[in-house]
Amino acid sequence: MGASSKLRKYRSDHEDLNTQSRSAIIEAGQVLFLEQGIASTTMGEIAEQAGVSRVTVYRHFPECGAIALEVYSRMLESVLEAVRAEVPAGVSGLDAARHCLNALFAVYPAQESAFRFCAAYSSYHAIEERSDELAEWYDAREFQGLPEACGQFFGAQLDQETAGRLMALTDAAVSGLCSLAVAGSPQNRTNVEVRLRHLQEMILGHLEHL
């Protein structure tokens, strides 16, 4: 193998290791954030959970908030993929909104931890103190809430007033689901299922009057 081939292989292997380390850090953050909260988790704990050094963690992320944003992005996309799979191709407008709202409730049981983290991160993001480095990290990335992200399924096909009302309804649905996820536990699973059904009936009832 020539020198240039060896260099390319080294760079490829190094990139793979970097990717693996970064993924391990994000996965470790997800576990710890869900277990003990974002504000209560340290970079050292994430390093230990991920099986990497603190230096490696700081090489990828400036602070825990940056890792939390990456976890949030993954969680958000997980919910959106699940919803996307439930919305039939070709539907638009109010039909798409109806399918989207139904899908949010349909995917909730499998995505409960994602809703719980979205709730936790949204609160954390609103009040956290940010260093200049973390602020710069955020400026380079777009933060989007789950209700706004769901607007992709129906917003473009509706007039501004109707789209605004639907966004408010979607926000109510997401807020309700996030609250259920935060309050839910195996001990009160039946109560959560009842509240979930009532919330769905209320949201869809309002949708019919738009």
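**Entry 1: a cut-off before anything else**

I count a residue as buried when its relative accessible area is under 20%. I looked up tyrosine 124 with that in hand: its relative accessibility is 19%, so it counts as buried. I should also note up front that this is a predicted model.

**Entry 2: how far to trust it**

I checked confidence next. The mean pLDDT of the protein is 85, and 88% of its residues reach 70 or more. Where is confidence lowest, and where is it highest? The low end is helix H1 (residues 3-36), with a mean of 71, and the high end is helix H2 (residues 43-50), at 97. I then went through the weak part: pLDDT is below 50 over residues 6-16, and that stretch has two contacts in the model beyond near neighbours in sequence.

**Entry 3: overall layout**

I tallied the elements and got 10 helices and zero strands. Read from the N terminus, the order is α-α-α-α-α-α-α-α-α-α. Of the protein's 210 residues, 41% count as buried. I also looked at contact range: taking contacts between residues at least 6 apart in sequence, 70% join residues at least 24 apart. The accessible surface comes to about 11500 Å², and carbon and sulfur atoms hold 49% of that.

**Entry 4: the core**

I pulled up the largest nonpolar core, which has 66 residues. Which residues have the most contacts inside it? They are Ile67, Val83, Leu104, Phe115, Phe117 and Tyr121. Helix H4 (residues 64-86) gives the most to this core, with 13 residues.

I picked isoleucine 67 from that set and listed what it touches, leaving out residues up to four places away in sequence. The list reads Ile25, Ile26, Gly29, Phe33, Met43, Ile46, Val57 and Phe61.

**Entry 5: helix H6 and its rings**

I went to helix H6 (residues 112-127) next. Its 16 residues reach 23 Å from first C-alpha to last, close to the 22 Å expected at 1.5 Å a residue. Its buried residues are Glu112, Ala114, Phe115, Phe117, Cys118, Ala119, Tyr121, Tyr124 and His125.

I ran the ring search over the whole structure and it gave six aromatic pairs. One of them joins phenylalanine 117 and tyrosine 121, stacked, at 6.3 Å centre to centre with 15° between the planes. Why do these two sit about one turn apart? They are four residues apart in helix H6, so about one helical turn separates them. Phenylalanine 117 and tyrosine 121 are both buried.

Another pair joins tyrosine 121 and tyrosine 124; this one is tilted, at 6.3 Å centre to centre with 40° between the planes. The two tyrosines are three residues apart in helix H6, so here too the separation is about one helical turn. An α-helix has 3.6 residues a turn, so residues three or four places apart point the same way. Tyrosine 121 has a relative accessible area of 0%, so it is buried.

I followed the ring pairs outward and got a cluster linking Phe33, Tyr72, Phe117, Tyr121 and Tyr124. Phe33 also turned up in the list for isoleucine 67, and Phe117 and Tyr121 were named in the core.

**Entry 6: histidine 60**

I looked up histidine 60, in helix H3 (residues 54-60). Is it buried or exposed? At 15% relative accessibility, it counts as buried. Not counting residues up to four places away in sequence, histidine 60 touches Asn18, Ser21, Arg22, Ile25 and Trp137. Ile25 is also on the list for isoleucine 67.

**Entry 7: alanine 82**

Back to helix H4, where I checked alanine 82. Its relative accessible area is 18%, so it is buried. I found it in contact with Val107 and Gln111, leaving aside neighbours within four places in sequence. Its C-alpha is 9.1 Å from that of alanine 106, which is 24 residues away along the chain.

**Entry 8: two spots on helix H10**

I finished on helix H10 (residues 189-208), starting with valine 192. With a relative accessible area of 2%, valine 192 is buried. The C-alpha atoms of valine 192 and leucine 177 are 10.0 Å apart, with their positions 15 residues apart along the chain.

Methionine 202 lies in helix H10 as well. Its relative accessible area is 44%, which makes methionine 202 partly exposed. From methionine 202 to alanine 173 I get 9.2 Å, C-alpha to C-alpha, for 29 residues apart in sequence.

Note on methods. Residues are numbered from 1 along each chain as its sequence is written. This is a predicted model: local features need pLDDT of at least 70, side-chain atom pairs count only at pLDDT 80 or more; totals for chains, interfaces and linings use all residues. Side-chain values use heavy atoms; hydrogens and water are left out. The expected span of a helix is 1.5 Å times one less than its number of residues. Buried means under 20% relative accessible area, exposed over 50%, partly exposed in between (1.4 Å probe, protein chains only). Rings of Phe, Tyr and Trp (its six-membered ring) pair if their centres lie within 6.5 Å; planes under 30 degrees apart count as stacked, over 60 as edge-to-face and the rest as tilted. pLDDT is the predictor's confidence in each residue, from 0 to 100. Contact means heavy atoms within 4.5 Å. A nonpolar core is a set of buried Ala, Val, Leu, Ile, Met, Phe, Trp, Tyr and Cys residues joined through side-chain atoms within 4.5 Å. Accessible areas come from the Shrake-Rupley method with a 1.4 Å probe; for residues, only the protein chains shown count as cover.
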